Amino acid sequence: MITKPMGWDEAVANDGTFKKLPAGGHACVIVQARLTKSKSKGEDMLELAFDIDGGEYNGYFGEQYVRNQQNYPDDAKWPNGGVYRQVLVGNSMSNAKGMFLNIEKSNPGWNWNWDETELKGKKFGGVFREEQYRNAKGEPKMRIACIAVRPVEGITEVAVPEPKLLGDTGVGAGYGNYGGGLSSEEIPF
């Protein structure tokens, strides 16, 4: 007879189905913001951990995080697809300023005051595209990435961006979403 494993009753059942977030525009809400440094040049960079806010995909990245906690309780990370990174200095300064203005437009009455902790709970419109990458086995795979922060109003009507394929130089949001994610110690759940 099989012994029932500890934690069986609390485990979230994986029935083999997975709803993939489609490319295009989605309303988002920030769950964590932190100032960090870019990996390439060590420049000041803001990382926004976010989730989908409303609609068919409401809580999309939060659900993945819960599964990550169950599968990797000591090393759960917020899904990389739910993290937007924006360098704040140099050539990226105009993109950063636009990002903050679009977050302000999405949150009437709130103004950016240089305190990243106040970004938690703020809404924005995310523009998502598919991006090709190579997995650990070197196989080409597709993932979804937030490439731009826009106002929430009208976000579902944005044109769906063309996928970024391996070999493309990809001009746009700059850093996009390189490795990592935020660990469970950094996510406020």
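## Core, rings and long-range links

Cys28 is buried, with a relative accessible area of 0%; buried here means under 20% relative accessible area, exposed means over 50%, and partly exposed covers what lies in between (1.4 Å probe, protein chains only). The model is predicted, so to speak of local features requires a pLDDT of at least 70 and side-chain atom pairs count only at pLDDT 80 or more, while totals for chains, interfaces and linings use all residues. Residues are numbered from 1 along each chain as its sequence is written, and side-chain values use heavy atoms, with hydrogens and water left out.

Let us stay with the cysteines for a moment. Why does Cys146 form no bond with Cys28? The sulfur of Cys146 is 5.7 Å from the closest cysteine sulfur, in Cys28, and that is too far for a bond. A disulfide is a pair of cysteine sulfur atoms within 2.5 Å, and the structure holds zero of them. Cys146 is also buried, again with a relative accessible area of 0%.

Now for the overall layout. The protein chain has two helices and five strands, arranged along the sequence as β-β-α-β-α-β-β. Helices (H or I, at least four residues) and strands (E, at least two) are DSSP runs, numbered from the N terminus. Of the 189 residues in the protein chain, 38% are buried. The protein chain exposes about 11,200 Å², and carbon and sulfur atoms supply 51% of that area; accessible areas come from the Shrake-Rupley method with a 1.4 Å probe, and for residues only the protein chains shown count as cover. Taking a contact as heavy atoms within 4.5 Å, 64% of the contacts in the protein chain between residues at least 6 apart in sequence join residues at least 24 apart.

In soluble globular proteins, nonpolar side chains tend to be buried together. A nonpolar core is a set of buried Ala, Val, Leu, Ile, Met, Phe, Trp, Tyr and Cys residues joined through side-chain atoms within 4.5 Å. Which residues touch the most other members of the largest core? Of its 31 residues, they are Leu48, Ile103, Leu119 and Phe128. The elements that give two or more residues to this core are strand S1 (24–37), strand S2 (44–52), helix H1 (60–71), strand S3 (83–87), helix H2 (93–106), strand S4 (123–134) and strand S5 (140–150). S2 provides the largest share, five residues. Leaving aside residues up to four places away in sequence, Leu48 touches Ile30, Gln32, Ala33, Gly82, Val83, Tyr84, Met99, Ile103 and Leu119.

The aromatic side chains deserve a look as well. There are ten aromatic pairs in the structure; rings of Phe, Tyr and Trp (its six-membered ring) pair if their centres lie within 6.5 Å, with planes under 30 degrees apart counted as stacked, over 60 as edge-to-face and the rest as tilted. How are the rings of Phe50 and Phe124 arranged? Their centres are 5.5 Å apart and their planes stand at 80°, so the pair is edge-to-face. This pair links distant parts of the chain, with Phe50 in strand S2 and Phe124 in strand S4, 74 residues apart. Both Phe50 and Phe124 are buried.

The rings of Phe100 and Trp112 have their centres 4.0 Å apart and their planes at 10°, so this pair is stacked. Phe100 belongs to helix H2 and Trp112 to the loop between H2 and S4, twelve residues apart, and both are buried.

Ring pairs also link Phe50, Tyr57, Tyr60, Phe61, Phe124 and Phe128 into a cluster. Lys19 lies over the face of Tyr57, 5.1 Å from the ring centre; a charge sits over a ring if NZ of Lys or CZ of Arg is within 6 Å of the ring centre and within 35 degrees of the ring normal.

Three further residues are worth finding in the model:

| Residue | Place | Relative accessible area |
|---|---|---|
| Val31 | strand S1 | 11%, buried |
| Trp114 | loop between H2 and S4 | 66%, exposed |
| Glu157 | segment after S5 | 61%, exposed |

Val31 and Gly121 are 90 residues apart in sequence, yet 6.0 Å apart in space, C-alpha to C-alpha. Glu157 and Gly24 are 133 residues apart in sequence and 8.2 Å apart in space, again C-alpha to C-alpha. Trp114 has a phi near 70°, a positive value in a residue other than glycine.
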